[in-house]
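Hi everyone, thanks for coming along. I'd like to walk you through one structure today, so please have a look at it with me.

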Amino acid sequence: MKRYLCSIIIGMVVILSIGTYYVKVASSASSLPKYTFKTLEGSDKELDPVIINASLQKGSNFYEPLTIESNITTYASERSYLENLTGRQNQQIETLVKEHRSFMRGKDSISSIYEDDDFLAYARVNSEYTKSGNMDAEFDIGLLEKKDEEETSFQIELPNQGRIMNADVRDVQLVHSKLQVLTMNDVNSNNEKQTKEVHLYTIDVANKKVLSDKTLVSETFTYPDQVDFQMPIDVAPSQPNNMVFISVNKGVNHEDGFEEKLKESKLLSYNYETEKLETVKKGSLSLDMARSGYADGKNLYSVEMKSGKYRIKTFDLSSQTLTNNTELDIAANKKEQDFAAIKNGRVYFLLGNEVDQDVLTNKPAKLLIADIKTGKTLYKGETVINKKNSKSFELIIDDLEIK
């Protein structure tokens, strides 16, 4: 009886401790300001898919992460212990986990996912260094046939892994029943030179083997020279896509940072169907648009500032021509933080705090939602705070996400 009584007392103490913790958390969170968007133009229903990850700061003494989702502010201290432990996941990953929980277990990188009406595929490189200093790397491959929920999963050695220092999966496609895995690799040159490569691995899932290892791009350089590969942000990274762009940026490292050699930088396109790697002609698409743009498989989009105005540009991937260049109805300021997202046929453009000589000016965040084709404003608003004594707080925006 004493044993059971002891267990009951311990359980009550734990419950009371947890309860006290959440009461304190709720009390603390309730004293913090809540941010919402005041509608200046358009319908506030346009805010439903908008997620803004940010933080609230007050000098160097206070810091609290928060999320504004569907125009509702939630602080990290208001979330459950498990939510804070795992952190926020990519919205598409969360959706896939709900729909295919068993297959998605342990899979958290959206660039490693491919999905169409019939299949859900996954490819990741797992690696570790052995005691001898060599890298031991393997592909972690998964394929789900949606119709009958049949799963295939296996691990297979990464080809030529003895010369690879790091391999980062950047795109996965299923072409003619074969898995195409695009990676960016750092290569061990065994001297002062450094080498970076873009590889395309073709994997036969049915027979669980790598059919080919194709080097699309290879650049070797010696410090202070530097080469960097970049790709536009994929609007729907898990969906079928026939073409990818790779920008090859060459430059020199100085004390003041990286200085690009524009004449030596180039833009490449690769077509999975035709297996053709081509250099995009200069003038048809700028390197900046490829590096900071957003791709959806058919078009490449970018938001750029020109002549004191923000403009949304559309580049047709098949014809490789600029098809749209529309001005956005929002005041431009080079010092303001800016975030963009493309989804649902809309461009979402967010302006955050103004940064002047590394000092933040506490101004309302501004949000514009416009039609991607016409540039017509569907929504315009700015943040307001529900507490009068909140001027000493600073809202620092981290990123913009759309459901």
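Let's begin with a term: two strands pair if DSSP finds at least two bridges between them. Strands themselves are DSSP runs of E with at least two residues, helices are runs of H or I with at least four, and both are numbered from the N terminus. With that in hand, here is an open sheet of 5 strands, in the order β14-β19-β20-β21-β22, with mixed pairing. At its edges sit β14 (233-234) and β22 (321-331), each of which pairs on one side only. Inside that order, β20 (residues 299-306) and β21 (residues 309-316) pair in the antiparallel sense over 8 bridges. If you want one bridge to find on your screen, take Asn299, whose partner in β21 is Asp316.

Before going on, a word on where this comes from. This is a predicted model, where local features need pLDDT of at least 70 and side-chain atom pairs count only at pLDDT 80 or more, while totals for chains, interfaces and linings use all residues. Residues are numbered from 1 along each chain as its sequence is written, and side-chain values use heavy atoms, with hydrogens and water left out.

pLDDT is the predictor's confidence in each residue, from 0 to 100. The protein chain averages 84, and 86% of the residues score at least 70. Over residues 16-27, though, the pLDDT is below 50, and this stretch has 5 contacts in the model beyond near neighbours in sequence. By contact I mean heavy atoms within 4.5 Å.

Now to the inside. Buried means under 20% relative accessible area, exposed means over 50%, and partly exposed is in between, using a 1.4 Å probe and protein chains only. A nonpolar core is a set of buried Ala, Val, Leu, Ile, Met, Phe, Trp, Tyr and Cys residues joined through side-chain atoms within 4.5 Å.

Which residues touch the most other members of the largest nonpolar core? Of its 24 residues, they are Val50, Ile52, Leu350, Leu367 and Leu400. Strands that each supply at least two residues of this core include β1 (35-42), β2 (50-58), β3 (62-69) and β28 (394-402). Leu400 is a good one to click on: leaving aside its neighbours within four places in sequence, its contacts include Val50, Ile52, Phe339 and Leu350. There is also a second, separate core of 22 residues, with Tyr114, Met135, Phe139 and Leu143 among them.

Let's add a helix. In α3 (residues 91-99), the residues Gln91, Gln92, Ile93, Leu96 and Val97 are buried. These buried residues pack against β2, β5 (113-115), β6 (119-129) and β28.

Next, places where distant parts of the chain meet. Gly42 is in strand β1, and its C-alpha atom is 4.3 Å from that of Tyr379, although the two are 337 residues apart along the chain. Lys380 belongs to strand β27. Is Lys380 buried or exposed? Lys380 counts as buried because its relative accessible area is 19%. Its side chain makes a polar contact with the side chain of Asp329, at 3.1 Å. A polar contact is a pair of N or O atoms within 3.5 Å; within protein, one must be able to donate a hydrogen and the other to accept it, and residues adjacent in sequence count only if both atoms are side-chain atoms.

On to the rings. Rings of Phe, Tyr and Trp (its six-membered ring) pair if their centres lie within 6.5 Å; planes under 30 degrees apart count as stacked, over 60 as edge-to-face and the rest as tilted. A search of the whole structure finds 5 aromatic pairs. One of them joins Phe62 and Phe393, edge-to-face, at 5.8 Å centre to centre and 75 degrees between the planes. Phe62 is in strand β3 and Phe393 is in the loop between β27 (377-385) and β28, 331 residues apart. Phe62 counts as partly exposed at 26% relative accessibility, whereas Phe393 is buried at 12%.

Last, two backbone details. A cis peptide bond joins Tyr223 and Pro224, with omega about 15 degrees, and Pro224 is in the loop between β12 (209-222) and β13 (225-230). Ser177 has a phi near 65 degrees, a positive value in a residue other than glycine. Ser177 lies in the loop between β9 (164-175) and β10 (178-187), and counts as exposed because its relative accessibility is 60%.
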